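Here are some short exercises to work through with the model open in your viewer. Try each task yourself before you read the solution below it.

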Amino acid sequence: MSGEAAPPLARSTLDRAAHRRGDSQWLTEAWLRARVLLIDSTDEGRTLARTETSPPTLVLFRAGDVPAGSESMAMFLGVEPDGVPVFAVDAPLPTIPGTRAVHLREVGHLLADREAGIFTTALALVNWHTRHGYSTSTGAPTAMDEAGWSRVDRNGGRIWPRTDPAMIVLVHDGVDGPDGRCLLGNNASWQGTPGGRRYSCLAGYVEPGESAEAAVLREVREEVGIGVEHIGYVGSQAWPFPGSLMLGFLAIANPTEPVRVDPSEIAYARWFSRREIGGALAGQTVDVGDGARLILPPPSSIALFLIHRWLDGWVDADR
């Protein structure tokens, strides 16, 4: 059993307190008593953590211990249950004994709810700011405003953080027990792993004018050439690499229908039994051909969350 009630990056204890983002007086006072997370955008968005503890803990600084002038570029994340404000700053990471720089992909699933929410939100904002230094409509330079929740150009034109909706689906055959199967694919853009081949759920961006469910139908048909039915929504999580919201689904397909991959998107696709998936998660070698073993998605991904839901026998209530 996975034991997860929500996808690993869909957890938080922060009150975002959006009404404070335009209150400069409150923000100035809040900064003086804040906890501050440093994220280095030049190092793939890593932050400092103490990883010898279980769970790992993020290093949160006092405002007086971060680089001078940071308050002018600080992003207000919200207020903790104890009333302390939390900010994030994009800055180089200091060297602190007993800590190391970590990426959200690496530790997101290990963090407590509080810190998973802080890191996910901070990284999403940092990634957005690093990519939107100019107005998308006029090309004019923009500056951070509203405590990090918008950018504005010299004429007052404003842009807000965007999140791109994407669907991800675990396609399965609807069969219970160890012989039930799911369909996973290897993306053509993924770099190879010596001795292994990674398989994951099928995914793709929701196109303009399209519902998430319609995107599931279209993407599965485009990528592996089969139809699906009984599409059931499971949950969502932010995937701030750089800024997606992954909408997770389960769907049923007929395993006798021929799989025809689009080689521009999918290099390999095949059905796996619950027995095979369970064995791979238990550390057993599952051969996928050409001397390669099965590698499943990383623990911080919603893909593995969906695989666990199917493996554990979860059934959509609408089915």
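## Exercises on a predicted model

**Exercise 1. Place Glu 44 in the chain, then decide whether Glu 44 is buried or exposed.**

Before you start, keep in mind that this model is predicted.

Step 1. Look between strand 1 (35-39) and strand 2: the loop there holds Glu 44.

Step 2. Check the backbone. Glu 44 is not a glycine, yet its phi is positive, near 60°.

Step 3. Turn to the surface. The relative accessible area of Glu 44 is 54%, and exposed means over 50%, so Glu 44 counts as exposed.

**Exercise 2. His 230 has a positive phi too; find which element holds His 230 and how accessible His 230 is.**

Step 1. Read the angle: phi of His 230 is near 50°, and this residue is not a glycine either.

Step 2. Locate the residue. His 230 belongs to strand 15.

Step 3. Classify it. His 230 has 44% relative accessibility, a value between the 20% and 50% limits, so His 230 is partly exposed.

**Exercise 3. Two peptide bonds, Ser 54 to Pro 55 and Phe 241 to Pro 242, are cis; work out where each proline sits.**

Step 1. Take Ser 54 and Pro 55, where omega is about 0°. Pro 55 lies in the loop that runs between strand 2 (47-50) and strand 3 (57-58).

Step 2. Take Phe 241 and Pro 242, where omega is about 10°. Pro 242 is in the loop between strand 15 (229-239) and strand 16 (244-252).

**Exercise 4. Describe the surroundings of Glu 115: is this residue buried or exposed, and which residues does it touch?**

Step 1. Start with the element: Glu 115 is part of helix 3, which covers residues 113-131.

Step 2. Compare the accessibility with the cut-off. Buried means under 20%, and Glu 115 has 6%, so Glu 115 is buried.

Step 3. List the partners. Leaving out residues up to four places away in sequence, Glu 115 touches Pro 56, Thr 57 and Leu 58.

Step 4. Look for polar atoms. A polar atom of the Glu 115 side chain lies 2.6 Å from the backbone nitrogen of Leu 58.

Step 5. Add a distance. Leu 48 is 67 residues from Glu 115 in sequence, and their C-alpha atoms are 12 Å apart.

**Exercise 5. Decide whether the radius of gyration of the chain agrees with that of a compact globule, then describe the whole chain.**

Step 1. Find the expected value. For 319 residues, a compact globule would have a radius of gyration near 20 Å.

Step 2. Compare. The chain has 22 Å, which agrees.

Step 3. Add the dimensions: the C-alpha trace spans about 65 × 45 × 40 Å along its principal axes.

Step 4. Count the elements. The chain contains six helices and 19 strands.

Step 5. Look inside and at the surface. Buried residues are 49% of the 319 residues, while the chain exposes about 15100 Å², with 50% of that area coming from carbon and sulfur atoms.

Step 6. Consider contacts with a sequence separation of 6 or more: 68% of them join residues 24 or more positions apart.

Step 7. Finish with charge. The chain has 29 positive and 39 negative charges, and their mean positions are 2 Å apart.

Conventions. Residues are numbered from 1 along each chain as its sequence is written. This is a predicted model: local features need pLDDT of at least 70, side-chain atom pairs count only at pLDDT 80 or more; totals for chains, interfaces and linings use all residues. Side-chain values use heavy atoms; hydrogens and water are left out. Helices (H or I, at least four residues) and strands (E, at least two) are DSSP runs, numbered from the N terminus. Buried means under 20% relative accessible area, exposed over 50%, partly exposed in between (1.4 Å probe, protein chains only). A polar contact is a pair of N or O atoms within 3.5 Å; within protein, one must be able to donate a hydrogen and the other to accept it, and residues adjacent in sequence count only if both atoms are side-chain atoms. Contact means heavy atoms within 4.5 Å. The radius of gyration is taken over C-alpha atoms; the globule rule is 2.2 Å times the number of residues to the power 0.38. Accessible areas come from the Shrake-Rupley method with a 1.4 Å probe; for residues, only the protein chains shown count as cover. Lys and Arg count as positive and Asp and Glu as negative; His and the chain ends are not counted. The place of a charge is taken as NZ of Lys, CZ of Arg, CG of Asp or CD of Glu.
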